[in-house]
Amino acid sequence: MEDKGIRFRIIKDRMFFLFIVFFSLLCAAPLFLIFYYLVKNGLSSISLDFLLNLPKPVGEEGGGLANAIAGTLLLIVLASVISIPVGVTAGIYLSENKKSRTASYVRMFAEILQGVPSIVIGIFVYLWVVVPLGGFSAVSGAIALAVMMLPVIVRSTEETLNLLPYSLKEASMALGVPYYRTIIKVILPTGFSGILTGVLLSIARISGETAPLLFTAFGNPFWSLDITRPISCLPLEIYQYAMSPFPEWHKMAWGASFVLIVIVLLLNIFSKLGAKKWKVQY
Amino acid sequence: MIREKIFRLVLKFSGLIITVILMAVFATLLYKSLPSIRHSGLAFLYTGIWDPVADEYGALPFLIGTLVTSFLALFISLPFSLSISIFLGEYYKNGFFSNALKTIIELLAGIPSVIYGFWGLFVLVPIIQQFQLKLGIIPYGVGMFTSAIILSIMIIPYSASISKEVINMVPADLKEAAYSLGATRYEVIRKISLPYAKSGIFAGILLSLGRALGETMAVTMVIGNRNSIPKSLFDPANTMASIIANEFAEASTNLYHSTLIQIGLVLFVVTALISFAGKKIIKKMKRDIG
């Protein structure tokens, strides 16, 4: 150590500690500010009318976002149906083939896919789904979201299964259970809570995605649950209302943001609770 | 035995789907941007005039917009994310404070980007406008500086969580050795933990840069969407992601579309390289320790 007085060194240590604590706690400020404004401006726009009605044209009082809420839920369900089976099986594949070279490439590709900007996924789905189908549609939006979910599910499934003890599989194999039944009946149920957590977190991540939906799901001011037609959803409505010049629409955007953040928070809480509830002891 | 084989094939097939998607994204973007590459060539990257009506496509303003906002955001977020990672990795590894801060970080990471943009537009922009009035410059409010602030809030969780992990990996005996020599905590962090975790921290910063480069909605909403080369930090501009978000659905000609896709291709290649390099560095670090 350099030759400096011990008192100087201790003061420096204290100052550093204060610096670290200050900057760490300052990060809470934007979070609280965001929540404060969402609650302050959002809560007042929420009413039964808001949740159950369709949007009205500018200038008319009232109106709601029932179509956007239904659209968001529909997109989430469709995306999950597409990506959960593929993601979970790919996760099993990676954790069952830890040493294989192909698997290491797949793992790397999944990591890269996770880093691809969502707007690029939007272009990709536009070119492969929207153009061939001849127009914007809910299903194309769901596919874009599914592509975004996929790497998250793969990764969390793999990590969960990697933590399971090998003896579990050995015990099952020793009883003469075939390999595929071991995976389906022993490994998957044991890892269920971890896989569920990953799935819920990936849903939380995509439920607020907007960029890939701009030119896939596109948005729709009317009630529609037809998957071949454009569909409305909360993030798109927030974007459109926020960028509009009308104060009534800004109020709608605050309301929509509030609903969206509640959905995202609930998904986060469920994922934590689910992880505890279905945790298997071994 | 047949079931066994089918099962293994299904597993392998789902792994292949991911590979195919990634390859297809790259191939599609490349193929669809060929008309633009043929039309503009490399000039695409260094001309500053964006005039789709006259078929003039120079992406320089967007390159500048993207790089300035991303690096500024990185710069602003650095003291915060490093502090958090040291807070969680050295001072409070567990307990109430650690859990509270972890929850805050998780929530920050969970807020959708469109809400960041919306909040920025209605809360941050007026504040910046006041600030600009005091400075005596045109009070746009929206612009590169505002975007960088929003971006920096959004990337703090990423770099913080990665740096925290690598700071946690610093072997305890190294730190104990320093303590036994009479080092203060600051000296241990400064001379042992940070140098040891250096490459991992760098990887975390790199990965959060990848996030910032590709972030679309929040930036699109607060950057002001102007297609010329910005002259000051407070000017409205456009990033590569925001120009796609703004103009892709309206692009009328093939060439126009193709140019926007080419911007997407550049984004894809850059972010793919960044995540590849970042993960490689972290993997190497884990291997060196374990």
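**Stop 1: the two domains of chain A**

Start by colouring chain A in two parts: domain 1 covers residues 6-45 and domain 2 covers residues 48-277. Keep in mind as you go that this is a predicted model. Place a marker at the centre of each domain, using C-alpha atoms, and the two markers will be 32 Å apart. Where the domains meet, five residues of domain 1 of chain A and eight residues of domain 2 of chain A take part in the contact. On the domain 1 side of that contact you will find two nonpolar residues, three polar ones and no charged ones.

**Stop 2: where chain A meets chain B**

Now show both chains. How many residues does each chain bring to the contact? Chain A gives 66 residues and chain B gives 66 residues. Select helix H1 of chain A, residues 6-26: with 10 residues, this helix supplies the largest share of the side of chain A that touches chain B. Colour that side of chain A by class, and you will count 53 nonpolar, eight polar and five charged residues.

**Stop 3: the largest nonpolar core**

Next, look inside. The largest nonpolar core holds 169 residues, and the members that touch the most others are Leu75(A), Ile238(A), Ala256(A), Ile18(B) and Ile244(B). Both domain 1 and domain 2 of chain A contribute at least three residues each to this core. In general, nonpolar side chains in soluble globular proteins tend to be buried together.

Zoom in on Ile244(B). Leaving out residues up to four places away in sequence, Ile244(B) touches Ile119(A) and Ile123(A) from chain A, along with Leu260(B), Ile263(B) and Gly264(B) from chain B.

**Stop 4: two helices of chain A**

Select residues 138-163 of chain A to pick out helix H7, which has 26 residues. From its first C-alpha to its last, H7 of chain A reaches 37 Å, close to the 38 Å expected at 1.5 Å a residue. Follow the helix with your eye to Met149(A): here H7(A) bends by about 30 degrees, and within four residues comes a proline, Pro151(A). H7(A) is also mostly covered, with 23 of its 26 residues buried.

Then move to helix H10 of chain A, residues 192-207. Its 16 residues should span 22 Å at 1.5 Å a residue, and this agrees with the 22 Å between its end C-alpha atoms. Is H10(A) enclosed or open? The helix is largely enclosed by the rest of the structure, because 12 of its 16 residues are buried. Among the buried ones are Gly194(A), Leu200(A), Ile203(A) and Ser207(A). To see what does the covering, display helices H4 (66-96), H7 and H12 (247-277) of chain A, and add helix H5 (96-110) of chain B, which are included in the cover.

**Stop 5: chain B as a whole**

Hide chain A for a moment. Chain B has 12 helices and two strands, and reading along the sequence gives the pattern α-α-α-β-β-α-α-α-α-α-α-α-α-α. Along the principal axes, its C-alpha atoms fill a box of roughly 75 × 70 × 30 Å. Of the 290 residues in chain B, 51% are buried. Take the contacts in chain B between residues at least 6 apart in sequence: 75% of them join residues at least 24 apart.

**Stop 6: a buried alanine**

Bring chain A back and select Ala203(B), which sits in helix H9 (residues 185-214) of chain B. Ala203(B) counts as buried because 25 other C-beta atoms lie within 10 Å. Beyond its sequence neighbours up to four places away, Ala203(B) touches Ile162(B), Gly278(B), Ile281(B) and Ile282(B). Try a distance to Ile274(B) too: the two residues are 71 apart in sequence, with 9.1 Å from C-alpha to C-alpha.

**Stop 7: two residues with a positive phi**

Most residues other than glycine have a negative phi. Select Asp55(B), which is not a glycine but has a positive phi of about 55 degrees. You will find Asp55(B) in the loop between strands E1 (50-51) and E2 (56-57) of chain B.

Finish at Asn225(B), where phi is positive at about 50 degrees, although this residue is not a glycine. Asn225(B) lies in the loop between helices H10 (217-222) and H11 (240-247) of chain B. Which of these two is buried and which is exposed? Asp55(B) is exposed, with 12 other C-beta atoms within 10 Å, whereas Asn225(B) is buried, with 20.

Definitions and conventions:
Residues numbered from 1 in each chain as written. Chains lettered and ligands numbered in written order. Predicted model: local features only at pLDDT ≥ 70, side-chain atom pairs only at ≥ 80, totals over all residues. Contact = placed C-beta atoms within 7 Å. Nonpolar A, V, L, I, M, F, W, Y, C, P; charged D, E, K, R; others polar. Core = buried A, V, L, I, M, F, W, Y, C linked by C-beta atoms within 7 Å. Domains from an automatic or database assignment. Expected span 1.5 Å × (residues − 1). Bend = angle between axes of the 7 residues up to and from the residue.
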